[in-house]
Amino acid sequence: MPSTDVVELILRDHRRMEDLFRTMRNAESDRAAALEEFAHLLIAHASAEEDEVYPALRRYKNVDGEDVDHSVHEHQEANEALLALLEVEDTASEEWDEKLEELVTAVNHHADEEERTLLNDARENVADERRSQLGEAFREARAKYLESGCGSIDNVRELAASSGK
């Protein structure tokens, strides 16, 4: 049975994003397909965190609310970087490579920071059962976003425009 621990689910998504970055960096691979999967995953993942996980973590006194705010801000930066890459038409161009690296930097920085702060705090301060409930809520929200085609360029454009909703 797959884990429902919210920390594990978030980490699994982070690792998948890293795999997709490797694919996107490889000029021989189907970069457009990898980017499409990545776009949907990133938006669904971040939106589900903001809907279900962050508000719950905010309620724990041992979880720093500023870390939560900072993570939301970094999601916005990642959305903007994602949009910039989605707007490049030629996946073989130098511009595509440049925008990809900006996206990689934004996302990896955020994932790394989130893993060191929020997720570690959640692991230490949130009971297993509660982490499991949050994991279920995260998974459901994420699935709903994925079904809605949340990584489409139009939706990403909207998200990037509405900074700090």
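Let's start at Ser3, which, beyond its neighbours within four places in sequence, is in contact with Glu8, Leu9, Arg12 and Arg139. Bear in mind that this is a predicted model. From Ser3, the tour below moves on to two histidines, then to helix 4, and ends with the nonpolar cores and an aromatic pair.

**Ser3, before the helices begin**
- Ser3 sits in the segment before helix 1.
- With a relative accessible area of 28%, Ser3 is partly exposed, because that value falls between the 20% limit for buried and the 50% limit for exposed.
- A polar atom of the Ser3 side chain lies 3.0 Å from the backbone nitrogen of Asp5.
- If you would like a sense of distance, Ser3 and Lys144 are 19 Å apart in space, C-alpha to C-alpha, and 141 residues apart in sequence.

**His14 and its polar partners**
- His14 belongs to helix 1, which covers residues 6-25.
- Its relative accessibility is 3%, so His14 counts as buried.
- Two polar contacts are worth finding on screen. The side chains of His14 and Glu115 are joined by one of 2.7 Å, and the side chain of His14 makes another, of 3.4 Å, with the side chain of His45.
- Setting aside neighbours within four places in sequence, the residues in contact with His14 are His45, Glu49, Ala111, Glu114, Glu115 and Leu119.

**Helix 4 and its bend**
- Helix 4 runs through residues 94-125, a total of 32 residues.
- From its first C-alpha to its last, helix 4 reaches 45 Å, close to the 46 Å expected at 1.5 Å a residue.
- At Glu115, helix 4 bends by about 40°. Glu115 is also the residue whose side chain makes the 2.7 Å polar contact with His14.

**His110, a buried histidine in helix 4**
- His110 is found in helix 4.
- A relative accessible area of 7% makes His110 buried, because buried means under 20%.
- Leaving out neighbours within four places in sequence, His110 is in contact with Glu49, Tyr54, Ser71, Glu74 and His75. Glu49 also appears among the contacts of His14.

**The nonpolar cores**
- The largest nonpolar core has 28 residues, and those with the most contacts inside it are Phe21, Met24, Phe38, Leu82, Leu103 and Val107.
- At least two residues of this core come from each of helix 1, helix 2, helix 3 (65-86), helix 4 and helix 6 (153-161).
- Helix 2 gives the largest share of this core, with eight residues.
- For a closer look at one core member, pick Leu82: not counting residues up to four places away in sequence, Leu82 touches Leu35, Phe38, Ala39, Leu42, Ile43, Leu103 and Val156.
- Another core, of 19 residues, lies apart from the largest one, and its members include Val7, Ile10, Ala48 and Ala122.

**The aromatic pair**
- The structure holds one aromatic pair.
- Its partners are Phe21 and Phe38, in a tilted arrangement with 4.8 Å centre to centre and 35° between the planes.
- Phe21 lies in helix 1 and Phe38 in helix 2 (residues 31-58), so the pair ties together parts that are 17 residues apart in sequence.
- Phe21 and Phe38 are both buried, and both are listed among the residues with the most contacts inside the largest nonpolar core.

Key. Residues numbered from 1 in each chain as written. Predicted model: local features only at pLDDT ≥ 70, side-chain atom pairs only at ≥ 80, totals over all residues. Heavy atoms only, no water. Helix = DSSP H or I, 4+ residues; strand = E, 2+ residues; numbered from the N terminus. Expected span 1.5 Å × (residues − 1). Bend = angle between axes of the 7 residues up to and from the residue. Buried < 20%, exposed > 50% of the residue type's maximum accessible area, 1.4 Å probe, protein only. Polar contact = N/O pair within 3.5 Å; in protein donor to acceptor, adjacent residues only side chain to side chain. Contact = heavy atoms within 4.5 Å. Phe/Tyr/Trp six-rings, centres within 6.5 Å; stacked < 30°, edge-to-face > 60°. Core = buried A, V, L, I, M, F, W, Y, C linked by side-chain atoms within 4.5 Å.
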